[in-house]
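Please read this briefing alongside the sequence and the model shown below. The notes are grouped by topic.

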Amino acid sequence: MPGQPPFRVAVVGSGPAGFYAAEALLASDTPVSVDVYDALPAPFGLVRYGVAPDHPKIKNIISRYEKTASHPSFAFFGNVTVGSDVSVDELRRFYDAVIFANGAQTDRHLGIPGEDLPGSYTATEFVAWYNGHPDYQNREFDLSHERAVVVGQGNVAVDVARILSKTVDELKNTDITARALEVLAESKVREVRMIGRRGPVQAAFTPPEMKELGEFADCDLVVDPADLELNDASRAELEVLKWREAQKNYDLLLAAAGREPAGKSRQLWIQFYRSPKELVGGERLDGVVLERNQLTGDAGKQKSRGTGATELVTCGALFRSVGYRGVALPGVPFDEKAGVIPNEAGRVLSEGKPLAGVYAAGWIKRGPSGIIGTNKPCSFETVKSFWEDAPTLPRCAEPSREAVIAFLKSRSVRVVGYDDWRRIDAAEVERGSAVGKPREKFVTIDEMLGVLQTR
């Protein structure tokens, strides 16, 4: 708008949703200044801390985010926690709009007895630990028992099962942390069971992930043919076009069930139609009680229902991977039941009405669904809503990036800019090169900031 300063937008969260939002904002013909916030000194969110270390190609999307970060109207505010270092109300002094893209940061609960026994872990903490997330480096995982159970059959559950099933030699040239490699080298786990409450047609993992499970150096994939028997509704689902990935999964599972184990030292079992009912043990986990299920309902709408038949599976470690949920942020509306920020096309709702200048994108907007690329249209929709609202939004009191930096400095917050991140990044790559890895991550914030104190 002629005569007006550029719009100032803060994006809270530097994962895929945050970077796609920044990209869409900066693609506009209308002048805009975009500041992307993250509590950590390192950007990229789940691409850095959630993508499995043995899947480096998925991280190639970072090159797209690098292009966005090179825009002259972009700034990274790393090492700044919105909600404590700066409140949402304080943030509004410096920005015309705030887009929350801070993801779904915690796990859903199983809601069964014994869930909190030592030896029962969330997939989130295990994945974040082996990927070097600073908030999870004090976690300890007891892998001294022969059997581990993974509850869930999404791609995160598959990642956990795969990391537990691989040899150290298969992982040592990835960016997995040095500490995680040490722990996995000492692992006594020889059998991993990945269980799902529904059947093979409804499994949430993708065919490439499924195919990889049969290609380990020293782990046999085991599938019971009885688990692959389908009811009429499941057969009907396979005939529908949108279930074509399910057909690929099913064909791979049939092939696995038809192979004789090669006698490798480890086994990965994929089991269906089972739900955990109770975790049992004294001072720590000894096993899990599973109930057998059957599917009921029409094709595409089937639900699992317990049959009453149970079995006890002894195990020393159990990883819960049954979905994520968002965490409430002070000063921002939150739907506790759904675990998201209530919104309409990205416009945050307060008591059913849009909250001027406040938006949401990504998992905190729609819930934990889809893959990295799913965040692109989601974020673009939110930015479209912002531009539709922009002409009528109240402008901020202090439209200045320098004013924000001065404010944070007054709070003794060490802001990590994008050039700072590049120095940290280069140091990690250099450390990794010395040991044959793409990078050796710094696993504490102090280590990252220490790089910036050296010349």
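**Charged side chains and cysteines**

The side chains of Glu 191 and Arg 147 are joined by a polar contact of 2.6 Å, a polar contact being a pair of N or O atoms within 3.5 Å where, within protein, one must be able to donate a hydrogen and the other to accept it, and where residues adjacent in sequence count only if both atoms are side-chain atoms. This is a predicted model, in which local features need pLDDT of at least 70 and side-chain atom pairs count only at pLDDT 80 or more, while totals for chains, interfaces and linings use all residues. Residues are numbered from 1 along each chain as its sequence is written, and side-chain values use heavy atoms, with hydrogens and water left out.

**Glu 191**
- The side chain of Glu 191 also makes a polar contact of 2.7 Å with that of Arg 193.
- Glu 191 counts as buried at 13% relative accessibility, where buried means under 20% relative accessible area (1.4 Å probe, protein chains only).

**Arg 162**
- Arg 162 is buried, its relative accessible area being 0%, and its side chain is joined to that of Asp 54 by a polar contact of 2.7 Å.

**Cysteines**
- The structure holds zero disulfides, a disulfide being a pair of cysteine sulfur atoms within 2.5 Å.
- Cys 219 is in no disulfide, and the nearest cysteine sulfur, that of Cys 315, is 17 Å away, which is too far for a bond.
- Cys 219 is buried with a relative accessible area of 3%, and Cys 315 counts as buried at 5% relative accessibility.

Methods. Buried means under 20% relative accessible area, exposed over 50%, partly exposed in between (1.4 Å probe, protein chains only).
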